[in-house]
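Reader: I am new to this structure. Please take me through its spaces and its ligand, and tell me what each term rests on.

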Amino acid sequence: MIGVTENLASIRDSVAFCATEAGRQPDAVKLLAVSKKQPVSKILDAANAGQRDFGENFVQEGLEKIAKTQGNNLIWHFIGHLQNNKTRVVAENFDWVHTIDKLKTAERLSKQRPEALGPLNICLQINVDNEVDKSGIPIDSLPDLAAACAELPNIALRGLMCLPAIRAEFDEQRLPFARLRELAGQLRDNGVMTDTLSMGMSGDYRAAIFEGATVVRIGTALFGERNKS
Ligand SMILES: *Cc1c(COP(=O)(O)O)cnc(C)c1O
């Protein structure tokens, strides 16, 4: 059986190769290891192989894993849907939240973030394909939400995130990622600077890297199929 250490090495190679093919620096793209519904043992395997950034979708599961991996100097990213009644523990325990789609959530996180930890890094989630029942803000509401978040004291608006509809073909996969890149450019033109495009998963990270992803969020290709329960 191929293990996490081997998968990690080959994904790292592939990410660096894609970046180079796209005319970017080989280390321009950060790998976020999505460990939801995976055992702590696999997180530790990846950590021992040098992986620092991990992503979790469920608050309680994430908190347990953060507690069990203390001392490994890991960086934790919340990438699931965040309910307002859970913002406090997220503000106190995570380093990033990729899925902000309401000003209220950002305000709560800013208020609840312990100052000693420094600002919480956030990305705004864009419903880039305008899908019904999908999290994320419509493209139209991005300028106002970004401007409001940029004013909040204890969070740092780092960039944009998307979870596009699944597309099979590489050229098709590039389209929503190109859109996210353009949106970040429009924010910049309005004076809101960001440095992060969180886009691309196991099935489409190559396309995302070609369109400027700075963070790819990879679960299955690294850890194998998730526990369904
Ligand atoms: C589960 C998840 C991923 C990882 O998906 P894989 O296809 O397993 O790589 C990435 N981003 C988000 C937001 C997720 O929920």
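Reader: How many cavities of 30 Å³ or more does a search of the whole structure find?

Author: The search finds one cavity of 30 Å³ or more. First, some background. This is a predicted model, where local features need pLDDT of at least 70, side-chain atom pairs count only at pLDDT 80 or more, and totals for chains, interfaces and linings use all residues. Residues are numbered from 1 along each chain as its sequence is written, and side-chain values use heavy atoms, with hydrogens and water left out.

Reader: What makes a space a cavity and not a pocket?

Author: On a 1 Å grid over the protein atoms alone, a cavity is a set of points where a 1.4 Å probe fits but cannot get out. A pocket is an open set with protein on both sides within 12 Å along at least five of seven lines. Lining residues have an atom within 4 Å of a point. The largest cavity has a volume of about 30 Å³. Its lining includes Q125, D129, L163 and P164.

Reader: Why is the ligand said to sit in the largest pocket?

Author: A molecule sits in a pocket if more than half of its atoms lie within 2 Å of the pocket's grid points. The space taken by the ligand is the largest pocket, so the ligand meets that test. About 590 Å³ of space lies in this pocket. It is lined by 28 residues, with K36, L163, M201, R217 and R226 nearest its centre.

Reader: What makes the pair between S202 and the ligand a polar contact?

Author: A polar contact is a pair of N or O atoms within 3.5 Å. A polar side-chain atom of S202 lies 2.5 Å from an oxygen atom of the ligand, so the pair counts. For K36, the distance to a ligand oxygen atom is 2.7 Å. A side-chain N or O atom of R217 is 2.9 Å from a nitrogen atom of the ligand.

Key: Polar contact = N/O pair within 3.5 Å; in protein donor to acceptor, adjacent residues only side chain to side chain. Points joined across faces, edges and corners; volume = space filled by probe spheres on them.
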